[in-house]
Amino acid sequence: MSIYVCGSLAFDTIMSFEGRFAEQILPEQLHILNVSFLVPALRREYGGCAGNIAYGLRQLGASVTPVATLGNDGQDYLARLTSLGIDTSHVQLDAGAYTAQAMIMTDRDNNQITAFHPGAMSQAHLNPIRPVGGGHIGIIAPDGREAMLSHAEQFHAAGIPFVFDPGQGLPMFDGAELRHFIDLADWVAVNDYEGHMLSERTGWSLAEVSQQVRGLIVTLGEHGVDVWEQGRAQRVAGDRAEQVLDPTGCGDAFRAALLFGLSQGWPLARCAALGNRMGARKIASRGPQNYQLSEADRTLA
């Protein structure tokens, strides 16, 4: 089964702050906020939701086609995707912009502050989904606003079941738009915070959201995942990580496992269990695309 991953391709500049953000920010002075964080460690990584999810799917041996846009500095990224065996036929190059850039700072408690420049991602709506043959599944991951709207419509029109994963793009949409995404989608995936925002904006409880789709997945970090189906939730326990080094890309690793399981026809709870394992492997490795699965991990798939 072909897996289409609509989302961003980006370069991640990852910085480590050895203190705690909460100890540096005075809540009563937020109206005149002026802070600086010393970051002794800095790395540049390949990232973006589409790239991270595609990497995870290749770790599982799946065929994957990102639908995404790179800028005029994206040739190295394109070559990397090809070297990983990822189908780049739907990766568009925009000569007039930089590739999207994320500047991510993580404190000692794994809290993160991110600045994001969309760059070429803003033109992703000019890159339509062009399915060939049958047997497809997809995901709408964070991307340009117009791209997320148009790709969801294209999936639905083509009869391709898909996961709606708004992620950090959720605040771009109002309640009516989010309800429309849910109407088009087959599954919805959010983290705990995003789940609260989704409920607030749509006016639907998580139980009600789950009754509009085949399943709602709410990730809870180390505490596991709540799998909602037809108004009822099931908790799937988290998987213990060997060490906690870098949370960047953990959600994308989970989404890769979710898509893999769905493409195999698994029940959602089994998809979530593999996703928890993938997230645990990712957090023990620095960068979103450097973790490796063991043979034991692959037996779960």
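Trainee: What makes up the secondary structure of the protein chain?

Mentor: The protein chain holds 10 helices and 13 strands. Helices are DSSP runs of H or I with at least four residues, strands are runs of E with at least two, and both are numbered from the N terminus. This is a predicted model, in which local features need pLDDT of at least 70, side-chain atom pairs count only at pLDDT 80 or more, and totals for chains, interfaces and linings use all residues. Residues are numbered from 1 along each chain as its sequence is written, and side-chain values use heavy atoms, with hydrogens and water left out.

Trainee: Why is the protein chain called as compact as a globular protein of its length?

Mentor: Its radius of gyration is 18 Å, close to the 19 Å that the globule rule gives for 301 residues, so the description applies. The radius is taken over C-alpha atoms, and the rule is 2.2 Å times the number of residues to the power 0.38. Along the principal axes, the C-alpha trace spans about 50 × 45 × 45 Å.

Trainee: What share of the residues in the protein chain is buried?

Mentor: Of the 301 residues, 54% are buried. Buried means under 20% relative accessible area, exposed means over 50%, and partly exposed lies in between (1.4 Å probe, protein chains only).

Trainee: What makes helix α2 mostly covered?

Mentor: Helix α2 runs over residues 49-59, and 10 of its 11 residues are buried. Among them are Cys-49, Ile-53, Tyr-55 and Leu-57. Just after α2, Gly-61 takes a positive phi of about 85°.

Trainee: How do you know that Asn-52 is buried?

Mentor: Asn-52 has a relative accessible area of 4%, and the limit for buried is under 20%; Asn-52 is therefore buried. Asn-52 belongs to helix α2.

Trainee: Which residues are in contact with Asn-52, leaving aside its neighbours within four places in sequence?

Mentor: They are Tyr-46, Gly-47, Gly-249, Asp-252, Pro-288 and Gln-289. Contact means heavy atoms within 4.5 Å. In the protein chain, among contacts between residues at least 6 apart in sequence, 69% join residues at least 24 apart.

Trainee: How many disulfides does a search of the whole structure find?

Mentor: The search finds 0 disulfides, a disulfide being a pair of cysteine sulfur atoms within 2.5 Å. Cys-271 is in no disulfide, with the nearest cysteine sulfur, that of Cys-250, 18 Å away.

Trainee: Why does Cys-6 form no bond with the closest cysteine sulfur, in Cys-49?

Mentor: The two sulfurs are 12 Å apart, which is too far for a bond. Cys-6 is also buried, at a relative accessible area of 1%, and Cys-271 counts as buried at 0%.

Trainee: What makes the phi of Asn-110 notable?

Mentor: Most residues other than glycine have a negative phi. Phi of Asn-110 is near 65°, a positive value in a residue other than glycine. Asn-110 lies in the loop between β6 (100-106) and β7 (112-117).

Trainee: Why is Asn-110 called partly exposed, and why does Gln-230 count as exposed?

Mentor: Asn-110 has a relative accessible area of 28%, which falls between the limits of 20% and 50%, so the term is partly exposed. Gln-230 is at 54%, and exposed means over 50%; Gln-230 is therefore exposed. Gln-230 is found in the loop between β12 (225-229) and β13 (232-236), and its phi is near 50°, also a positive value in a residue other than glycine.
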